[in-house]
Amino acid sequence: MVVGAMSLAGPGGQRAEAASVCFGRPAKTVGFATGELRVYKKRQYVCALTVAKRPGTVRPMSVSLQPRGGRASVDSGRFTRQAGPVTVYALNRCVRVSGAVAGKRASTGWTLC
């Protein structure tokens with residue numbers, strides 16, 4: 001009886017995992033045909049990730065986060081659910097965020113200025 005209860009709780013705990021692993025407050029969300037680009041801000045850091053609209057299928061995904069005057073932090077590859085998170089130091093700087101899922105993309109332009 002105890003073993004059955006443990007096996008039922010195990011997978012449920014894994015599925016209850018949060019969709020975002022960025023810390024901070026949601027600052028901007030941009031939806032597009034195959035996914036969503038999410039941007040979070042916490043003090044002097046900005047974090048971003050791209051989340052697939054329909055997770056489960058392995059497909060190319062990417063997320064790029066660049067502070068003005070700095071180098072972009074990028075995560076790209078073949079994922080089932082999300083690309084990222086990527087984080088940059090952006091105290092008093094604008095950032096540019098872009099993401100893609102299966103060939104469809106979204107971008108924020110310079111934001112959080």
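**Strand pairing and surface of the chain**

Strand β4 pairs with strand β7 (residues 95-101) in the antiparallel sense, and seven bridges join the two. One of the contacts in this ladder can be named: Val63 has Gly99 of β7 as its bridge partner. The model described here is predicted.

On a second partner, β4 repeats the pattern. Strand β4 covers residues 59-67, and strand β5 covers residues 73-79. These two strands are also antiparallel, again over seven bridges. Here Pro60 is matched with Arg78 of β5 as its bridge partner. A hairpin links β4 to β5, with five residues between them. Gly69 sits in that turn. Its phi is positive, at about 85°.

Both pairings belong to a wider arrangement. An open sheet is formed by four strands, in the order β5-β4-β7-β8, with antiparallel pairing. At the edges lie β5 and β8 (104-111), each of which pairs on one side only. From one strand to the next, the twist averages 5°. In a regular strand, side chains alternate between the two faces of the sheet.

The sheet is part of a chain rich in named elements. The protein chain holds one helix and eight strands. Read from the N terminus, the order is α-β-β-β-β-β-β-β-β. The helix therefore opens the series, and the strands follow, since elements are numbered from the N terminus.

Contacts along the chain were then considered by separation. Among contacts in the protein chain with a separation of 6 or more, 46% join residues 24 or more positions apart.

Burial and surface complete the picture. The protein chain has 113 residues, and 35% of them count as buried. Its exposed area is about 6,900 Å². Carbon and sulfur atoms supply 53% of that area.

One nonpolar patch stands on this surface. Tyr45, Tyr89 and Leu91 make the patch, which has an area of about 300 Å². Tyr89 belongs to strand β6 (residues 82-89). Is Tyr89 buried, partly exposed or exposed? Its relative accessibility is 41%. Buried means under 20% and exposed means over 50%, so Tyr89 counts as partly exposed. The value also fits the patch, because patch residues need over 30% relative accessible area.

Note on methods: Residues numbered from 1 in each chain as written. Predicted model: local features only at pLDDT ≥ 70, side-chain atom pairs only at ≥ 80, totals over all residues. Heavy atoms only, no water. Buried < 20%, exposed > 50% of the residue type's maximum accessible area, 1.4 Å probe, protein only. Contact = heavy atoms within 4.5 Å. Areas by Shrake-Rupley, 256 points an atom, 1.4 Å probe, with all protein chains shown as cover. Pairing = 2+ DSSP bridges. Patch = residues over 30% accessible without salt bridge, like charges linked within 9 Å, V, L, I, M, F, W, Y side chains within 5 Å. Salt bridge = Lys/Arg side-chain N within 4 Å of Asp/Glu carboxyl O. Axes fitted to C-alpha atoms, helices over the stretch in contact; angles between N-to-C directions.
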